[in-house]
Structures are given as C-alpha cells and as structure tokens.
Amino acid sequence: MRHPLLLLALAMLAACGSEQSGTESAAVEAKVTDSAGVRIMEYSAASWEAAPVIALSAAPLYAVGGEEGDTTIDLSAGIMGASSAAVGRLLPDGRIVVVAGQPPQILVIDTLGKKVGMLGRPGEGPGEYRMPAQVLSLGGDTLMAYDVMRRKGILFGTDGSVRGDRDYPSAGQLPIAPTIVGILGDGTSIHRMDGFEAAPPSGGDANSYQLPLPIVALIPGGARYDTLFVMSGMEMYSSSVTFQGQTMAIPRQIGFGMVPQVVVGPDAIWFTPGDRFEIHRRSTGGALVQITRVAVPVR
C-alpha cells in the first residue's frame, strides 16, 4: 500500500526546487503555479500510483523491553499529554533516548536494545523531573526533556550532563503549557494550543466540529506566546459522562475523523489539514510559502 508519508516526500522534493529530476518519472511531474506569492505544486492521481511502494522491514532493527522477567524497562505506561513523535529521540551514534512513565524515567538505549543509562531522575531539583512527557533536540549534543507537571524543560547533554532548564508559561485556562511541536535552530519552541470545548460553535454542525487551533511560538526566556497562524483542529463531537448521578458534557475525538498534523523542520513549519492530501510549508515566522497537493480522494 502507498503510505501517507509519500506526500511529505513529494513536498520535500518540491522544497528542493526540482519539479522533475533525472531519476523522476514524468508521471510524477508537478504542475507549478503561483497564487499571491504562494507556490502551489499539484500532482496528478497518476503520480500517486507511479510512486514507489514504502514497506517496513520484515524484522525490527532491535526491540526495547518486553523480555520476560525484565523489570528494568517498562514502556507500557502511556505519558499523558505526550506527543508521540517526541517521546523518543534517536541520537547520532544510534542510541535512542525514550521516556517511560511508570516510574517516570528517561532511558538511554544502546543499538542492541539494552538499557545503558538514564538522563536525570525523578525529583524536584536540578536535572530532576516529575512527569517527563517529551524529549526534543536543541541541536548539537543537547536534548531537552519537557516536564509537563512543572512546565519546565530540563536540558541534558547526550553524555548525561545537566545543562540548565527553561520555564514554559501556561496559556489560557489550562494549567499546563501548550504541547511542544518542535524547536527551531535559534531555540524558539513551536506549540499547538488545542481547544476542547464540549459543544460545537454556535450554528455549527451538531454531529461534528473543529475548533480553531492556534500555532504559537515562544522565544527562549519569553513570558508569552506569539501566534504564528491559526488552522482547524481535530474533528470532535459532543458527548457526556455520568458519574455518581452527575452528568457532565465532554468533547470526544472522532476516531477516524480529521486530525491535522504539524511538524517543525530546521527552517520551516509543515502542516497537513487531515481532510485532503495536501501539505503546507510555512516560514519559521508563520507565513505560508508553499502548498503541495495530490489529486486523490481522501479515504
């Protein structure tokens, strides 16, 4: 089957400014237009069928945890508020750093899948954390573990050294900081401020709705978030929960509904809306630069 990440590959080709290289088939040539300074690259349905099939290997490179009787690695506990793309981090030498939730730990795993160390430890002091939710790269040999309970990013060297911390202010009515999507080369962090209203906006569809989803930035040491752009959030519907005779309205995400994705690259912010095969490239300041789309229907 064709993997949805193929669209991102097409977008990366477009970002390199090559509509058709010597190794590309004419079937995947893009039609390029310009709209108010935004470059639009459109691929036909035939380009999707002509693209290479992406397949997983028959066996994993290595497995982490899960061995009977091994109590040193437990990755079964989920991390509340964690971004799945940032729970683990691959290091240049092939080791990986992964967050475990029970107990809270940041584990260093070697290329054989064995635990060889930890970053920091549970606690309240320097280099310590209460609930690590993400591990992100700050470039070079520095990592940042985000402690969602303390709204603090703890900086570590890949050698395990502690290199300080960063504070992340809360925003709106939530007591926690908005989810960190990624960190730019200058240290500015990019966040998504998901909204979770129980009822659809006035006059909206009662069966499903999408709330505005601001994408914001925080410079190192900043006290407030700056809005870069606003898109539509995940598709939700109104529901309720009853406990001990009390009923409360809550929102629920539609399992196979629209789920927008945001990825931070070295010099750009990438976004796909989730309801069409389309990727937007924006500058680090949020300006729309390019749209890459494939003319196939959403399944």
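# A guided tour, beginning at Arg163

Select Arg163 first: its relative accessibility is 34%, so it counts as partly exposed. Partly exposed lies between buried (under 20% relative accessible area) and exposed (over 50%), calculated with a 1.4 Å probe on protein chains only. This is a predicted model, in which local features need pLDDT of at least 70 and side-chain atom pairs count only at pLDDT 80 or more, while totals for chains, interfaces and linings use all residues. Residues are numbered from 1 along each chain as its sequence is written, and side-chain values use heavy atoms, with hydrogens and water left out.

**Salt bridges**

Keep Arg163 selected and add Asp141, with which Arg163 forms a salt bridge; the closest N and O atoms are 2.9 Å apart. A salt bridge here is a side-chain nitrogen of Lys or Arg within 4 Å of a carboxyl oxygen of Asp or Glu. The pair joins distant parts of the chain, 22 residues apart: Arg163 belongs to strand β12 (residues 162-167), and Asp141 to the loop between β9 and β10. Strands (E, at least two residues) and helices (H or I, at least four) are DSSP runs, numbered from the N terminus. Asp141 is partly exposed too, because its relative accessibility is 38%.

In the whole structure, a search finds 14 salt bridges. Select Arg130 and Glu124 for another of them, with an N to O distance of 3.5 Å. Next, display Glu42, Asp275, Arg276, Glu278 and Arg293, which are linked in a network of salt bridges. Within this group, the side chains of Arg276 and Glu278 meet at 3.2 Å, N to O. Is Glu278 buried or partly exposed? Its relative accessibility is 6%, so Glu278 counts as buried. Arg276, with a relative accessible area of 39%, is partly exposed.

**The nonpolar cores**

Now select Leu136, Met144, Tyr146, Tyr168, Ala177, Ile180 and Tyr225, the residues with the most contacts inside the largest nonpolar core, which has 14 residues. Such a core is a set of buried Ala, Val, Leu, Ile, Met, Phe, Trp, Tyr and Cys residues joined through side-chain atoms within 4.5 Å. Two or more residues come from each of the elements β9 (132-137), β10 (142-147), β13 (179-183) and β15 (209-218). Apart from this core lies another, of 13 residues, including Val181, Ile215, Val262 and Phe271.

Return to Tyr225 and show what surrounds it. Leaving out residues up to four places away in sequence, Tyr225 touches, among others, Tyr168, Pro169, His191 and Val216. Contact means heavy atoms within 4.5 Å.

**A sheet of four strands**

Move to the open sheet whose 4 strands follow the order β3-β4-β5-β6, with antiparallel pairing. Two strands pair if DSSP finds at least two bridges between them. Which strands form the edges? They are β3 (88-90) and β6 (115-118), each of which pairs on one side only. Strand β5 (residues 104-109) is joined to β6 by 3 bridges. Select Val108 to find one bridge position: its partner in β6 is Gly117.

**Last stop: Phe196**

Finally, select Phe196 in the loop between β14 (189-192) and β15. Its relative accessibility is 48%, so Phe196 counts as partly exposed. Beyond its neighbours within four places in sequence, Phe196 is in contact with Leu211, Met236 and Pro251. Add Gly233 as well: Phe196 and Gly233 are 37 residues apart in sequence, and their C-alpha atoms are 9.5 Å apart in space.
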